[in-house]
Every structure is written in C-alpha cells, then in structure tokens.
Amino acid sequence: FPDPEAWATDAFLQNWGPLRAYGNSPFALIGRVLRQIEEQHASVVLVVPVWRSAPWWPVLFRLLVQLPLRLPRHRNTFLPSSTGNQLGVGLPRWDTICVALSGRGTEAVDFATSC
C-alpha cells in the first residue's frame, strides 16, 4: 500500500548508490535486490533466508563485507505488518541471516581476502 511518508513507490527505480540502507525485501525479490546492489555500487544490510540452493546464494556471498549474523528463530522475529505479512504467526519455517553487502567491489574483495 502507498505510504504517505515514502519518497517513492518503486525502490528499483531509485538510485541506491549514495545510500547506506537496510532491507527486508520479499524473498522472491532477493535476486533483483542483489543485482541492484551490484549495479549501483550500493551498501545494504539485508535480511535473507538461509536458502543455499537459491540461484542468488553465490551472489550474496560475493557481495559480503562482514560475517553474516544468524537471526533468532523466534515467533517475534518477524511480526505481522499492515501489508499482509503474516510471518509473525508461529515460528519461521526457515533460518534467516542478516548480511552486510556492498556493490563496491573492493570492499567485498577486501573482506573475502581477510577471512
């Protein structure tokens, strides 16, 4: 639903480059979010499910700039929202992690070589 406080209604039409952002996108859009981070050299902290078989999983790790943080598997980790997210009902069915990502190649390379 449109939010009167929002800057825009389509995040993918915005310039993410100058931002240091946080995101918890619909899981079906994670691949597109990662492409946007890469193409616009953005820095984003993102919540994602631990889905090792997902096509975007290797891309996620290529963009990492810090070790992932596993989120607690608790029924209050994801609360229901006014947009219809009902994940707050019961325990999440999957593990989730919080990842710091950068589309600025040198940041991710520096992190990868330091591990």
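Biologist: In what order do the elements of the protein chain run from the N terminus on?

Modeller: They run β-α-β-α-β-β-α, which gives three helices and four strands in the protein chain. Keep in mind that this is a predicted model.

Biologist: What makes strand 1 and strand 3 the edge strands?

Modeller: Look at the sheet order: the four strands sit as 1-2-4-3 in an open sheet with mixed pairing. Strand 1 and strand 3 (69-70) each pair on one side only, and that puts them at the edges.

Biologist: How do you know that strand 3 and strand 4 pair?

Modeller: Pairing takes at least two bridges between the strands. Strand 3 and strand 4 are joined by two bridges, so they pair, and they run antiparallel. In this part of the sheet, Arg 70 stands opposite Ile 97 of strand 4.

Biologist: Ile 97 also turns up around Leu 60, I think. Which residues does Leu 60 touch, leaving out those up to four places away in sequence?

Modeller: Leu 34, Val 48, Ile 97, Val 99 and Leu 101. Leu 60 belongs to the largest nonpolar core, which has 24 residues; Leu 34, Leu 60 and Leu 101 touch the most other members. Helix 1 (30-40), strand 2 (43-49), helix 2 (57-62) and strand 4 (96-102) each give two or more residues to this core. Helix 1 supplies the largest share, four residues.

Biologist: Now the rings. How many aromatic pairs does a search of the whole structure find?

Modeller: Six.

Biologist: Why is the pair of Phe 27 and Trp 51 called edge-to-face?

Modeller: Two checks. The ring centres are 5.5 Å apart, and pairing needs them within 6.5 Å. The planes meet at 80°, while edge-to-face asks for over 60 degrees, so the name fits. This pair links distant parts of the chain, 24 residues apart: Phe 27 is in the loop between strand 1 (20-23) and helix 1, and Trp 51 is in the loop between strand 2 and helix 2.

Biologist: Phe 27 and Trp 51: why is one called buried and the other partly exposed?

Modeller: Buried means under 20% relative accessible area, and Phe 27 has 16%, so Phe 27 counts as buried. Trp 51 has 32%, which lies between 20% and 50%, so Trp 51 is partly exposed. Phe 27 and Trp 51 also form one aromatic cluster with Trp 94.

Biologist: What makes the pair of Trp 56 and Trp 57 tilted?

Modeller: The centres are 5.9 Å apart and the planes are at 55°. Stacked needs under 30 degrees and edge-to-face over 60, so 55° falls among the rest, called tilted. Both rings belong to buried residues: Trp 56 has a relative accessible area of 10% and Trp 57 has 13%.

Biologist: How do you know that Arg 32 is at the face of Phe 12?

Modeller: Arg 32 lies over that face at 3.9 Å from the ring centre, and the distance limit is 6 Å.

Biologist: What is unusual about the phi of His 41?

Modeller: Its phi is near 55°, a positive value in a residue other than glycine. Most residues other than glycine have a negative phi. His 41 is in the loop between helix 1 and strand 2. With 46% relative accessibility, short of the 50% that exposed must exceed, His 41 counts as partly exposed.

Biologist: And what share of the 115 residues in the protein chain is buried?

Modeller: 36%.

Terms used: Residues numbered from 1 in each chain as written. Predicted model: local features only at pLDDT ≥ 70, side-chain atom pairs only at ≥ 80, totals over all residues. Heavy atoms only, no water. Core = buried A, V, L, I, M, F, W, Y, C linked by side-chain atoms within 4.5 Å. Buried < 20%, exposed > 50% of the residue type's maximum accessible area, 1.4 Å probe, protein only. Contact = heavy atoms within 4.5 Å. Lys NZ or Arg CZ within 6 Å of the ring centre and 35° of its normal.
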